[in-house]
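Here is a walk through one protein chain, written for someone who would rather look at the model than at a table. Keep the structure open and follow along.

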Amino acid sequence: FADLTNPEFQLAKVSLPKAGNRFILVFLPDGNKGFRVMPLNDSVREFPLGSYRVVSLSSFPVKLTLEDKAYEFKPGQVSLIENPPMQSNNHAAMYAYSFIEGKWARIGAGAWPAQGKKRSIQIFWDNPVSKRTELRGFRDVSAPN
């Protein structure tokens with residue numbers, strides 16, 4: 001087996017926050033064959049059931065609209081969206097934007113489902129390869145206890 005303390009075999013390193021005992025680790029490519037690791041508190045108090053956690057890792061302001069409600073995020077901002085507006089089919093029309101060259105440019109569109117007891121993490125990030133802001137989502141496989 002490889003010596004895991006050898007930096008040659010390490011793809012990423014992360015220090016966990018002192019507060020909390022449950023974390024979600026999000027691995028994002030750093031553009032150099034390694035990863036940036038972001039720990040997110042996974043407690044139900046910090047990340048309630050049925051919510052969306054939005055993380056803006058983009059260097060630009062970004063915005064989501066769910067139905068007619070807009071949510072703007074500054075670079076580095078982490079926010080919760082609880083009780084988002086939904087249509088009668090339990091889905092919300094979603095549009096994602098990045099503020100580029102002085103105007104909002106749409107970078108994505110889709111339909112987001114009502115979460116029920118599950119949760120979703122939505123991450124805006126600047127892809128180091130394409131140099132474009134992207135939105136990636138991750139949904140709970142099962143609701144936490």
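## A pair to start with

Find Leu 66 first: it stands opposite Met 94 in S7. This is a predicted model, and that pair is a handy way into one of its sheets. Leu 66 belongs to strand S4, which covers residues 62-66 and pairs with strand S7, residues 91-100, in the antiparallel sense over 5 bridges.

On its other side, S4 is joined to S5 by 5 bridges, and these two strands also run antiparallel. A good spot to check this is Leu 64, which sits opposite Tyr 71 in S5. The hairpin of S4 and S5 has 2 residues between the strands, and Glu 67 in it takes a positive phi near 55 degrees.

## How S4 is covered

Is S4 buried or exposed? It is largely enclosed by the rest of the structure, because 5 of its 5 residues are buried. Buried here means under 20% relative accessible area.

In a regular strand, side chains alternate between the two faces of the sheet. In S4, Val 62, Leu 64 and Leu 66 are on one side, while Lys 63 and Thr 65 are on the other. Both faces are covered, and each of those five names, Lys 63 included, counts as buried.

## The sheet around S4

Zoom out and you get an open sheet of 4 strands in the order S5-S4-S7-S8, with antiparallel pairing. Strand S5 (69-73) and strand S8 (103-113) stand at its edges; each has a single partner strand, so one side of each is left without a neighbour in the sheet. From one strand to the next, the twist averages 20 degrees.

## The other sheet

There is also an open sheet of 4 strands with the order S6-S3-S9-S10, and here the pairing is mixed. Its edges are strand S6 (78-81) and strand S10 (133-139), which have a single partner strand each, so one side of each lacks a neighbour in the sheet. Neighbouring strands of this sheet are turned by 20 degrees against each other on average, direction ignored.

As a reminder, strands of a sheet pair through backbone hydrogen bonds, either parallel or antiparallel. Strand S9 (residues 120-126) and S10 go for the antiparallel option, over 7 bridges.

## A closer look at Arg 136

Arg 136 has its place in strand S10, and Ile 123 stands opposite it. These two are 13 residues apart along the chain, yet their C-alpha atoms are separated by 5.2 Å.

Which residues does Arg 136 touch, leaving aside its neighbours within four places in sequence? The contacts are Ile 121, Gln 122, Ile 123 and Trp 125. Even with that company, Arg 136 is partly exposed, with a relative accessible area of 43%.

## Two loop residues with positive phi

Most residues other than glycine have a negative phi. Asn 90 is not a glycine, but its phi is positive, at about 60 degrees. You'll find Asn 90 in the loop between S6 and S7, where it is partly exposed with a relative accessible area of 47%.

Glu 101 is another such case, with a positive phi near 55 degrees in a residue other than glycine. Glu 101 lies in the loop between S7 and S8. It counts as exposed at 77% relative accessibility, because the cut-off for exposed is over 50%.

## The chain as a whole

Now step back. The chain has 10 strands and 0 helices, so read along the sequence you simply get β-β-β-β-β-β-β-β-β-β. Its C-alpha trace spans about 55 × 45 × 25 Å along the principal axes. Among contacts with a separation of 6 or more, 48% come from residues 24 or more positions apart.

The chain has 145 residues, and 32% of them count as buried. Its accessible surface comes to about 9,400 Å², with 51% of that belonging to carbon and sulfur atoms. As for charge, there are 19 positive and 13 negative ones, and their mean positions are 2 Å apart.

Conventions: Residues are numbered from 1 along each chain as its sequence is written. This is a predicted model: local features need pLDDT of at least 70, side-chain atom pairs count only at pLDDT 80 or more; totals for chains, interfaces and linings use all residues. Side-chain values use heavy atoms; hydrogens and water are left out. Buried means under 20% relative accessible area, exposed over 50%, partly exposed in between (1.4 Å probe, protein chains only). Contact means heavy atoms within 4.5 Å. Accessible areas come from the Shrake-Rupley method with a 1.4 Å probe; for residues, only the protein chains shown count as cover. Lys and Arg count as positive and Asp and Glu as negative; His and the chain ends are not counted. The place of a charge is taken as NZ of Lys, CZ of Arg, CG of Asp or CD of Glu. Two strands pair if DSSP finds at least two bridges between them. Axes are lines fitted to C-alpha atoms, for helices over the stretch in contact, and angles run from 0 to 180 degrees between N-to-C directions.
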